[in-house]
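Trainee: Could you walk me through this fold, one piece at a time? I'd like the cut-offs along the way.

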Amino acid sequence: MKPAKKNRYLQGLLFFLVTCLITTFSAINYANDTPKVMIDLVEPIFESQCSDESSTGYLDLDGRLNVSVWNIYKQKKRNWRRVLNNLSHSSQLVLLQEAGLSEEMVHFIASRSLNVAMARAFKLFGTSLGVMNLSDAGAINACAFHATEPLIRFAKSALVTHYPLSNGESLLVVNLHGINFDWKLTRYTEQFEALSLELSGHSGPIILAGDFNTWRKDRFELIAEFARRFDLSEAEYHLDERQRFFGLALDHLFYRGLDFHHAESRVTDASDHNPIIAHFTLRTAQQHSEWAK
């Protein structure tokens, strides 16, 4: 290629990339300083930081509770419906990150008669994106938390929900997508500390899970210390195909006040992350009393 022609080609390519970048950012609607929560597909309006619902039924199935965790990659991959269908069939609670409230997702949720709670991070091309809980039983309440990436300014969200259990307890669930680009970990620390009041005020069982972006050792150590403060244990995997970066797993599930049986993470081509599914049973009132001692 002649130099003049090559320069025109490079200039055209640069113009194309800049145009795409401007188009993408102009299509993004960032959440404002007030976190947004949606807990109903009938009228999916994101109005408040917290929302209360009158839940019917229990989250567990006769004392058994399966929880799945999956970064669904904005439903960009072709097979996401099949994998999500399998997860929702085998789990009473599915915690998604990078979930988009697209027409196809709305149709999937409605066809399965699932309850949904979502904390919106931002809107892209008119579609709300964030963390999303799908469950057989509805949440008692849900509160959204919002954090902004320091460099790229994209938002990340977290959702704190309470679900009724058949043993009379309330399960506190934290679904979080961790800040990614924060070398000093100031915003990353703040993102988790914002949840500390919710966790410290709850005496019952807890699930803390999501894509925590723990691609550095000090990131995981920060999470591990946070978990220790609230007496949370991390799930152990008999099959562990979680997505890794620099050899470190990005996705995690911590728990408290539940009897853990096993967990697995299997390879899928439906996202750039592989889902986790963990299996629990509830504790009786006597077991919970003994554990609390």
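**The seven-stranded sheet**

Mentor: Let's start with an open sheet of seven strands, in the order E3-E8-E9-E10-E11-E16-E12, with mixed pairing. This is a predicted model, in which local features need pLDDT of at least 70 and side-chain atom pairs count only at pLDDT 80 or more, while totals for chains, interfaces and linings use all residues. Residues are numbered from 1 along each chain as its sequence is written, and side-chain values use heavy atoms, with hydrogens and water left out.

Trainee: Which strands stand at the edges of that sheet?

Mentor: Two strands pair if DSSP finds at least two bridges between them, and strands (E, at least two residues) and helices (H or I, at least four) are DSSP runs numbered from the N terminus. Two of the strands have a single partner each, so one side of each is left without a neighbour in the sheet. Those are E3 (50-52) and E12 (233-234).

Trainee: How many bridges hold E9 and E10 together, and in which sense do they pair?

Mentor: As background, strands of a sheet pair through backbone hydrogen bonds, either parallel or antiparallel. Among the bridge partners here, Thr161 goes with Val173, and Val160 goes with Val174. Over residues 155-164 of E9 and 170-177 of E10, the count is seven bridges, in the antiparallel sense.

Trainee: Which residue in the hairpin of E9 and E10 takes a positive phi?

Mentor: Look at the connection, which has five residues between the strands. The phi there is near 95 degrees, and the residue is Gly168.

Trainee: What is the bridge partner of Val174 in E11?

Mentor: We've just met Val174 as the partner of Val160, and Val174 also has a partner in E11. E10 and E11 run parallel and are joined by six bridges. The partner of Val174 in E11 is Leu208.

Trainee: How many residues of E10 are buried?

Mentor: Buried means under 20% relative accessible area, with exposed over 50% and partly exposed in between (1.4 Å probe, protein chains only). On that scale E10 is mostly covered, and of its eight residues the number buried is seven.

**Helices on the sheet**

Trainee: Which helix lies across E8, E9 and E10?

Mentor: Axes are lines fitted to C-alpha atoms, for helices over the stretch in contact, and angles run from 0 to 180 degrees between N-to-C directions. The helix in question covers residues 186-193 and runs at about 160 degrees to E10. Across E11, E12 and E16 there is H6 (residues 217-229), at about 15 degrees to E16. The one you asked about is H4.

Trainee: Are H4 and H6 roughly parallel or roughly antiparallel?

Mentor: They pack at about 20 degrees, with their axes 11 Å apart. Angles under 35 degrees count as roughly parallel, over 145 as roughly antiparallel, 65 to 115 as roughly perpendicular and the rest as oblique. That makes H4 and H6 roughly parallel.

Trainee: Which residues does Phe226 touch, leaving aside neighbours within four places in sequence?

Mentor: Phe226 lies in H6 and counts as buried because its relative accessibility is 2%. Its C-alpha is 8.6 Å from that of Ser196, 30 residues apart along the chain. With contact meaning heavy atoms within 4.5 Å, Phe226 touches Phe192, Glu193, Ser196, Leu199 and Leu208.

**Another helix pair and a hairpin**

Trainee: Is Ser88 buried or exposed?

Mentor: Ser88 sits in H2 (residues 80-90). Beyond four places in sequence, Ser88 touches Val94, Phe108, Arg112 and Leu114. At 3% relative accessibility, Ser88 counts as buried.

Trainee: At roughly what angle do the axes of H2 and H3 cross?

Mentor: In that pair, Trp80, Arg81, Leu84, Asn85 and Ser88 in H2 meet Glu104, Met105, His107 and Phe108 in H3. The axes come within 12 Å, and the angle is roughly 30 degrees.

Trainee: Which residue in the hairpin of E6 and E7 has a positive phi?

Mentor: E6 (residues 115-124) and E7 (residues 127-135) run antiparallel with nine bridges, and Ala117 stands opposite Asn133. E6 is mostly covered, with eight of its ten residues buried. The hairpin has two residues between the strands, and the one with phi near 50 degrees is Phe125.
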